[in-house]
Amino acid sequence: MRPWPGHAYPLGATYDGSGTNFALFSEVADKVELCLFDAEGNEERHALNEVDGSVWHGYLPNVEPGQRYGYRVHGSFDPANGLRCNPAKLLIDPYAKALEGPVEWDEAVFGYPFDDPTGRNDADSAPFVPKSVVVNPFFDWGSDRAPRIPYHESVIYEAHVKGLTIAHPDIPENLRGTYTGLAHPVMIDHLKTVGVTAVELMPVHEFLNDHHLQEKGLSNYWGYNTIAYLAPHHAYAMSSPRAGNQVPEFKAMVRDLHDADIEVILDVVYNHTAEGNHMGPTLSQRGIDNAAYYRLVEDDPRYYMDYTGTGNSLNVRNPHTLQLIMDSLRYWVTEMHVDGFRFDLASTLAREFYDVDRLSVFFDLVQQDPVISQVKLIAEPWDVGPGGYQVGNFPPLWTEWNGKYRDTVRDFWRGEAGTIGEFASRLTGSSDLYKDDGRRPYASINFVTAHDGFTLADLVAYNAKHNEANGEDGNDGESHNRSWNCGVEGPTDDETVLALRARQQRNFISTLLLSQGVPMLLHGDEIGRTQRGNNNVYCQDSDIAWVDWSLATKNAPLLHFTAGVTALRHAHPVFRRRRFFEGRPIARSRRGPNLPDIAWFTPAGDEMTEQDWDSGFGKCVTVFLNGDGITEADTRGERVTDDSFLLCLNAHYEDIDVTLPDPEYGSRWAVVVDTAAGEVTTLSTVPGVVAATPPTHKAAAVLPVPARSLLVLQRTENTGS
């Protein structure tokens with residue numbers, strides 16, 4: 001069977017109903033062979049003789065979905081000059097839409113002999129390398145539609161496909177840990193109960209388990225080790241004899257989540273690949289065109305620039321590498337129907353040379369792309385290179401994981417002095433970071449915990465990391481966690497300590513969900529998931545990292561509290577404004593005097609002064625949120641109005657008497673959230689919130705706020721005495 005000429009576009013393997021077109025980019029190749037494999041592993045080679053613009057291509061009639069394939073690239077092998085072609089190495093298609101099986105860590109997958117790192121290894125790697133798979137592009141999406149939930153109405157839930165469901169007793173065993181399991185009705189019901197509008201999935205691009213981890217009996221659980229940017233990870237699919245089955249399973253998951261009005265956001269790793277540094281394996285891009293795909297050290301191209309701490313960095317200055325990234329993003333939106341992306345170590349993508357340039361070519365391309373620019377784009381705004389911490393510096397189209405929010409909120413609730421000013425900025429949307437370039441409060445993705453670090457339960461139970469299971473002598477993971485164990489390190493039977501820890505968890509959840517910006521919850525935090533003090537479970541595919549669903553019963557009050565506060569946020573636009581507070585009178589109210597849209601009060605009930613803001617104490621404050629002070633209109637151009645609220649926050653270790661504001665702000669207030677009591681009530685019908693008659697207090701009343709607690713009060717009457 002001789003290949004027909006085919007086409008240079010699109011890259012990858014494209015089935016059209018009659019056959020498959022294959023196209024591979026390489027500027028350094030002298031010859032490219034397409035290798036087809038049958039179910040027994042027998043190989044059939046075909047030279048791709050057509051070359052257009054450094055793209056080698058051919059069309060094979062009758063090659064259908066399920067066909068396994070790879071490439072062998074002939075060319076120069078001269079590592080000292082950045083060239084690493086070797087036809088003995090079977091190479092994964094960078095545009096593969098599915099891979100079959102994991103890599104087997106044999107010496108043959110490396111480009112050098114283990115006893116001579118400067119030499120050349122000509123052992124055939126084909127028996128040990130995952131095969132790329134031709135997939136069927138046709139899928140019945142039915143009436144699927146993108147939920148397109150506005151940022152300011154979003155509640156994001158960071159989750160791991162396997163870890164979220166692998167131990168769930170109500171999901172059928174064969175579905176646990178899979179794409180299908182994540183979209184099981186039991187799981188969707190839980191997400192809806194919590195009030196989630198989007199799941200942000202940790203990496204689902206095909207990734208590899210590191211050689212050194214497997215040797216220690218561990219694995220790359222998190223998945224930040226990508227090898228194929230268009231392929232969903234094979235291990236998250238149900239067992240199936242048909243190669244490529246992970247693609248329709250992923251699509252069905254997205255369709256089912258969309259049907260529940262839940263968006264799907266992918267955590268994507270376009271900053272590096274699993275091939276690592278010069279001592280890593282030759283699996284794909286390294287053997288196809290090393291210098292095009294990777295940033296090499298300019299005066300010694302045997303080595304790789306490493307802005308990621310993982311061994312290599314993608315060369316986003318090369319147009320073909322940029323094309324791979326953009327084609328991948330576009331594919332996941334148009335063909336897989338995802339709703340957005342969170343970019344791991346996004347500062348790396350901005351590096352034109354050595355400096356971080358927020359107007360780099362990559363961001364220009366995203367800005368003008370009619371597909372990618374219309375979905376949610378979230379940056380992790382840092383990398384490990386010089387000047388890599390770029391919180392607040394991404395272009396207007398982007399939102400950012402706000403690491404300053406995490407740090408400030410943790411410091412405030414563990415009682416650090418002098419944090420009140422910055423805490424106020426974080427609570428109100430971080431205008432100091434995002435307002436100057438025209439962005440809105442929802443540019444801030446607020447979080448207290450994420451996959452990297454302590455869970456919420458561990459944040460209040462450990463002062464230090466306990467990563468012994470990782471086998472790295474405690475050298476891995478962040479050492480400065482801004483955590484507080486409430487008096488005892490780790491597990492305890494002390495009821496006083498346990499009560500304080502539960503209160504602190506409620507404080508963090510309430511603060512997160514009632515802050516301006518977009519809240520992001522870490523999976524399992526709503527039921528008190530613990531990693532037993534391990535703050536770096538990247539290598540723990542075990543019950544250390546998995547969600548223990550028995551906690552949903554044990555910690556049911558925390559789950560109900562979280563759901564209640566989320567429902568309160570959804571019901572009241574004053575907690576999710578689209579514009580920043582102005583702090584000045586808003587001449588819109590018909591229910592009393594022209595009050596500011598926000599006001600800050602001392603425990604004595606006086607408006608905060610500069611001296612108060614600079615106070616070294618600063619652990620207790622009351623915030624007035626004016627429901628009549630919302631300046632933006634709704635989707636139909638109508639005025640948005642809401643009830644007004646007071647937030648009383650006491651991070652001190654003693655109870656503090658708080659005087660409520662004067663009657664002009666409201667004559668009577670009802671307590672609707674009390675983190676000390678663990679209660680959320682409502683004055684009106686709000687799904688998920690207990691309907692009860694909350695205690696009320698008159699204006700200027702003195703209200704005792706328990707130590708380390710938060711109260712939310714809702715105005716029950718118009719302003720005026």
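This briefing covers one helix, one strand with its partners, and two single residues. The model is predicted. Helix α15 is mostly covered, with 12 of its 16 residues buried. Strand β24 goes further into cover: 6 of its 6 residues are buried, so the rest of the structure largely encloses it. Ser219 and Thr681 are buried too.

**Helix α15**

- Helix α15 takes in residues 556-571.
- Its 16 residues should span 22 Å at 1.5 Å a residue, because the expected span is 1.5 Å times one less than the number of residues.
- The C-alpha atoms at the two ends of α15 are 22 Å apart, which agrees with that expected span.
- Buried residues of α15 include Leu558, Leu559, Phe561, Val565 and Leu568.
- Ala556, Ala563, Gly564 and Ala567 are also among the buried residues.
- So are Thr562, Thr566 and Arg569.
- Helices that cover these buried residues include α3 (185-194), α13 (495-514) and α14 (551-554).
- Strands also contribute to the cover, among them β21 (518-522), β26 (668-674) and β27 (679-682).

**Strand β24 and its partners**

- Strand β24 consists of residues 645-650.
- Both of its faces are covered.
- On one side, Phe645, Leu647 and Leu649 are buried.
- On the other side, Leu646, Cys648 and Asn650 are buried.
- Strand β23 (residues 620-625) runs antiparallel to β24, and 6 bridges join the two.
- In that pairing, Cys620 stands opposite Asn650 of β24.
- Strand β31 (residues 709-715) also pairs with β24 in the antiparallel sense, over 6 bridges.
- Here Leu646 stands opposite Leu713 of β31.

**Ser219, in a loop**

- Ser219 sits in the loop between α4 (211-215) and β15 (226-232).
- Its relative accessible area is 13%; buried means under 20%, so Ser219 is buried.
- Neighbours within four places in sequence aside, Ser219 is in contact with Asn209 and Leu213, among others.
- Its contacts also include Tyr538, Cys539, Gln540 and Asp541.

**Thr681, in a strand**

- Thr681 belongs to strand β27.
- Strand β27 is one of the elements that cover the buried residues of α15.
- Thr681 has 11% relative accessibility, so Thr681 counts as buried.
- The Thr681 side chain reaches the backbone oxygen of Val671 at 3.4 Å.

Note on methods: Residues numbered from 1 in each chain as written. Predicted model: local features only at pLDDT ≥ 70, side-chain atom pairs only at ≥ 80, totals over all residues. Heavy atoms only, no water. Helix = DSSP H or I, 4+ residues; strand = E, 2+ residues; numbered from the N terminus. Buried < 20%, exposed > 50% of the residue type's maximum accessible area, 1.4 Å probe, protein only. Contact = heavy atoms within 4.5 Å. Pairing = 2+ DSSP bridges. Polar contact = N/O pair within 3.5 Å; in protein donor to acceptor, adjacent residues only side chain to side chain.
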